[in-house]
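Subject: Structure handover

Hello,

Here is the structure I promised to pass on. Please open it first, then read my notes below.

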Amino acid sequence: MSAHCQLTGRKPGFGHQISHSHRRSKRRFDPNVQRKRYWLPSEGRHVRLTLSAKGIKTVDTIGVEAAVARIRARGGKV
């Protein structure tokens, strides 16, 4: 599963893991991404969205119809 939010566009960040002795190795900071299923009344079907925790809260605030419209406006596939 790609660690990418369809609504907010959050992607992994990259940096270093720093040990106690201060040696550095590459690491990846993944966003908290979940696959969530919503009912889309206008189309009469369920849609499965890959959302970050912030994206799920945004859908709860603005509604699933507006969220899907935003994803489609960004060029995303639903």
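First, a term. A salt bridge here is a side-chain nitrogen of Lys or Arg within 4 Å of a carboxyl oxygen of Asp or Glu. Keep in mind that this is a predicted model.

Salt bridges

By that rule the count comes to 3 salt bridges. As background, side chains of opposite charge can pair when their charged atoms come close.

Which residues are linked in a network of salt bridges? They are E43, R45 and R72. Here is how the network is built:

- E43 and R45 pair through their side chains, at 2.7 Å from N to O.
- E43 also forms a salt bridge with R72, and the closest N and O atoms are 2.9 Å apart. This pair links distant parts of the chain, with the two positions 29 residues apart in numbering. E43 sits in the loop between β3 (33–40) and β4 (45–52). R72 belongs to helix α2 (residues 64–73).

How accessible are these residues? E43 has 36% relative accessibility and counts as partly exposed. R45 is partly exposed as well, at 32%. R72 is also partly exposed, with a relative accessible area of 39%. The cut-offs explain the label: partly exposed lies between buried, under 20%, and exposed, over 50%.

There is also a salt bridge between D30 and R28. Their side chains meet at 2.7 Å, N to O. D30 is partly exposed, at 48% relative accessible area. R28 is partly exposed too, at 44%.

Helix packing

Now to the helices. At what angle do helix α1 and α2 pack? The angle is about 125 degrees, and the axes are 6 Å apart. Helix α1 covers residues 53–62. Angles over 145 degrees count as roughly antiparallel and 65 to 115 as roughly perpendicular. The α1/α2 angle fits neither range, so α1 is oblique to α2.

Which residues make the contact? From α1 they are T58, V59 and I62. From α2 they are V64, A66, A67 and R70. By class, the contact has 5 nonpolar residues, 1 polar and 1 charged. T58 is the polar one, and R70 is the charged one.

To recap, helix α2 appears twice in these notes: R72 of α2 pairs with E43, and α2 packs against α1.

Best wishes

Conventions:
Residues numbered from 1 in each chain as written. Predicted model: local features only at pLDDT ≥ 70, side-chain atom pairs only at ≥ 80, totals over all residues. Heavy atoms only, no water. Buried < 20%, exposed > 50% of the residue type's maximum accessible area, 1.4 Å probe, protein only. Helix = DSSP H or I, 4+ residues; strand = E, 2+ residues; numbered from the N terminus. Axes fitted to C-alpha atoms, helices over the stretch in contact; angles between N-to-C directions. Parallel < 35°, antiparallel > 145°, perpendicular 65-115°, else oblique. Contact = heavy atoms within 4.5 Å.
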